[in-house]
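User: Can you walk me through the open and closed spaces in this one? I'd like to know what lines them.
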Amino acid sequence: MAIQDNVEVVLEKVAQAAGRSGRSADSITLIAVSKQKSLAMIKDAVSAGLRDFGENRSAELASKAQALPNLNWHFIGHLQTRQSQPVADYAGLFHAVDRPKIATRLNNQLTHTLPVLLEINVSGEASKGGFDCSDWENDGAQRAALVQAATTISELARIEIHGLMTMAPYVADDATVRQVFSRTRRLAEWLRSTLPDISWDALSMGMTNDYAIGIEEGATHVRVGRAIFGERQY
Ligand SMILES: *Cc1c(COP(=O)(O)O)cnc(C)c1O
């Protein structure tokens with residue numbers, strides 16, 4: 001299917017899921033994950049109405065954001081310290097802060113305020129990045145480590161925490177996926193009462209396989225690649 005048609009289908013599903021969660025479609029940001037996809041394909045998605053695009057390699061972010069500067073660029077992947085400058089220069093939202101060190105590094109490179117999300121790992125999968133929150137409801141040490149990291153990060157002048165990002169297990173039944181997302185939402189609620197000076201309103205949850213469930217469980221941002229651009233090479 002053409003990219004424009006795919007965008008229409010995804011936007012419709014976003015609107016339906018938003019309705020099921022008692023929210024309007026415009027309270028949800030659909031991020032088209034354009035990693036490995038060409039500028040021509042991104043322009044097709046723009047002509048279908050999208051403005052938010054997600055990348056997970058900083059060099060690719062730099063070249064695409066330079067070519068298409070009037071879009072909102074999201075950095076959604078793990079970021080190595082030595083590759084952070086393009087994220088400081090071009091990202092409007094960085095979804096995957098997984099350690100204070102990367103936030104400190106960005107803070108030193110930024111000349112403006114960068115909104116960020118903390119990536120959390122609630123499924124406990126070793127292959128997934130993020131703060132270990134696999135048993136946050138019962139494990140006080142996990143909660144304390146997250147609070148300490150969030151506090152450290154929130155003291156950086158040019159970094160502004162806005163919420164959490166998580167990924168569900170790639171191959172999982174709907175009930176398992178839903179539980180990962182609802183546990184993430186409840187963690188954000190707990191953080192809101194524990195660290196009320198930080199904004200915990202944004203929840204980046206859901207990809208091609210599970211964005212409708214993410215929205216039903218409270219996602220404000222979904223990151224959708226294949227349903228818009230088709231399969232990737234690797
Ligand atoms: C690639 C990627 C996505 C998009 O995945 P699809 O299955 O193509 O929708 C979303 N989030 C992150 C962090 C990714 O790396």
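**Cavity, pocket and ligand**

Analyst: Sure, bearing in mind that this is a predicted model. The largest cavity is lined by Ala168, Pro169, Tyr170, Met207, Asn209 and Asp210.

User: What volume does the largest cavity have?

Analyst: About 40 Å³.

User: How many cavities of 30 Å³ or more does the search find?

Analyst: The search covers the whole structure and finds 1.

User: How does the lining of the largest cavity split by class?

Analyst: There are 4 nonpolar residues, 1 polar and 1 charged.

User: OK, on to the ligand. Where does the ligand sit?

Analyst: In the largest pocket.

User: How much space lies in the largest pocket?

Analyst: About 650 Å³.

User: And which residues lie nearest the centre of the largest pocket?

Analyst: Lys35, Asn56, Ile76, Gly77 and Met167. The whole lining of the largest pocket comes to 29 residues. By class, that lining has 12 nonpolar, 10 polar and 7 charged residues.

User: Which helix and which strand each supply at least two residues of that lining?

Analyst: Helix H3, residues 58-67, and strand S9, residues 221-224.

User: Now the close-up. Which residues surround the ligand?

Analyst: Val33, Lys35, Ile76, Met167, Met207, Thr208, Arg223, Val224, Gly225, Arg226 and Arg232. Met207 in that shell also appears in the lining of the largest cavity. Lys35, Ile76 and Met167 are in the shell, and they are also among the residues nearest the centre of the largest pocket.

User: How does the shell around the ligand divide by class?

Analyst: It has 5 nonpolar residues, 2 polar and 4 charged.

User: Which atom of the ligand lies 2.7 Å from a polar side-chain atom of Lys35?

Analyst: An oxygen atom. Arg232 also places a polar side-chain atom 2.7 Å from a ligand oxygen.

User: And what about Arg223, which atom of the ligand does its side chain approach?

Analyst: A nitrogen atom, with 2.8 Å between that nitrogen and a polar side-chain atom of Arg223.

User: With those contacts in mind, what percentage of the ligand's accessible area does the protein cover?

Analyst: The protein covers 94% of it. On its own, the ligand has 390 Å² of accessible area.

User: Great, can you give me a short recap for my notes?

Analyst: The ligand sits in the largest pocket. Lys35 and Arg232 each put a polar side-chain atom 2.7 Å from a ligand oxygen. Arg223 does so at 2.8 Å from a ligand nitrogen.

Conventions. Residues are numbered from 1 along each chain as its sequence is written. This is a predicted model: local features need pLDDT of at least 70, side-chain atom pairs count only at pLDDT 80 or more; totals for chains, interfaces and linings use all residues. Side-chain values use heavy atoms; hydrogens and water are left out. On a 1 Å grid over the protein atoms alone, a cavity is a set of points where a 1.4 Å probe fits but cannot get out, and a pocket is an open set with protein on both sides within 12 Å along at least five of seven lines; lining residues have an atom within 4 Å of a point. Grid points are joined across faces, edges and corners, and a volume is the space filled by probe spheres set on the points. Ala, Val, Leu, Ile, Met, Phe, Trp, Tyr, Cys and Pro count as nonpolar, Asp, Glu, Lys and Arg as charged, and the others, Gly among them, as polar. A residue is near a molecule or strand if one of its heavy atoms lies within 4 Å of it. A polar contact is a pair of N or O atoms within 3.5 Å; within protein, one must be able to donate a hydrogen and the other to accept it, and residues adjacent in sequence count only if both atoms are side-chain atoms. Accessible areas come from the Shrake-Rupley method with a 1.4 Å probe; for residues, only the protein chains shown count as cover. A molecule sits in a cavity or pocket if more than half of its atoms lie within 2 Å of its grid points. Helices (H or I, at least four residues) and strands (E, at least two) are DSSP runs, numbered from the N terminus.
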